[in-house]
Amino acid sequence: LENHIVILGYGDLTEPLIEELGTEEFVIVTDDTDIVTRYRNREVKVISGNPSDEQPLHDANIENAQAVIVATQEDAEDAFAILTARELSPDTRIIAAATVRENIQKLRRAGADTVLSPAMIGGQLLGQSALRDDGADGLIEQFE
C-alpha cells in the first residue's frame, strides 16, 4: 500500500467512514478479532493488532500513507494511537474523532492535525435544523 489511508481502531464511525471512502485504498488496524474476521470475509484490508503498537502500523505501511484516521470508542486509546502514528510518520496528516468533546485539545496535543467531535457536530446540525428553515435540512440530507 502507498498513498493510502490507515484507520486505527474500530468504533461506531468505522462503517460510515468506509462507505465514505468508497474506492479509496485503505487498511484498518484493530485488535478486535471478531472485527478482523468480519472484514477479512468482506475482503477488506485489515491488520490484527493494537492500533497503538508499532508493528501493526509498520505492517499497514503508515510511513507511506496519505492520512491516518483514529476513531475508536475510547479517547485514551486514540491518544496512544496518535502518539505512535506521529512518531512513525511525522509528516502524515492525522485526523481523530473525540468521543468526549473535552478531550479535543488533548488529542491535538497528542499529535492529531484535526480533531472532530461527532457528538458536537450532530448537536449543532440538530440545532440548526430546528432553528432554521434555510438549508440545514439540505446539509443533513447529505449525511443520510
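**Close-up views of a predicted protein chain**

In the protein chain, contacts between residues 24 or more positions apart make up 49% of those with a separation of 6 or more; the model shown in every view is predicted.

**View 1. The overall fold of the protein chain and its dimensions.** The protein chain contains 7 helices and 6 strands, and the order of these elements along the sequence is β-α-β-α-β-α-β-α-β-α-β-α-α. Taken along the principal axes, the box filled by the C-alpha atoms is roughly 50 × 35 × 25 Å. The radius of gyration is 16 Å, which agrees with the value near 15 Å that a compact globule of 144 residues would have. Among the 144 residues of the protein chain, 42% count as buried.

**View 2. The surface of the protein chain and its charged side chains.** The accessible surface amounts to about 8,400 Å², and carbon and sulfur atoms contribute 47% of this area. The protein chain carries 28 negative and 11 positive side chains, and a distance of 5 Å separates the centres of the two sets.

**View 3. Residue H4 and its surroundings.** H4 lies in the segment that comes before β1, and the residue counts as buried because its relative accessibility is 0%, where the cut-off for burial is under 20%. When neighbours within four places in sequence are left aside, the contacts of H4 include E25 and V27, together with A60, N61, N64, A65, Q66 and A67.

**View 4. Residue E74, in the loop that leads into α4.** E74 is placed in the loop between β4 (67–70) and α4 (75–88). With a relative accessible area of 43%, E74 is partly exposed, a class that lies between the limits of 20% and 50%. From E74 to S89 the C-alpha to C-alpha distance is 22 Å, for a separation of 15 residues in sequence.

**View 5. Helix α4, its length and its buried residues.** The end C-alpha atoms of α4 are 20 Å apart, and this agrees with the span of 20 Å expected for its 14 residues at 1.5 Å a residue. The residues of α4 that are buried are D75, D78, A81, I82, T84, A85, R86 and L88. An α-helix has 3.6 residues a turn, so residues three or four places apart point the same way. Two strands that precede and follow the helix in sequence, β4 and β5 (93–97), are among the elements against which the buried residues of α4 pack, and these elements also include β1 (5–8), α3 (54–59) and α5 (104–110).

Terms used: Residues numbered from 1 in each chain as written. Predicted model: local features only at pLDDT ≥ 70, side-chain atom pairs only at ≥ 80, totals over all residues. Heavy atoms only, no water. Helix = DSSP H or I, 4+ residues; strand = E, 2+ residues; numbered from the N terminus. Rg over C-alpha atoms; globule rule 2.2 N^0.38 Å. Buried < 20%, exposed > 50% of the residue type's maximum accessible area, 1.4 Å probe, protein only. Contact = heavy atoms within 4.5 Å. Areas by Shrake-Rupley, 256 points an atom, 1.4 Å probe, with all protein chains shown as cover. Lys, Arg positive; Asp, Glu negative; His and termini not counted. Charge placed at Lys NZ, Arg CZ, Asp CG, Glu CD. Expected span 1.5 Å × (residues − 1).
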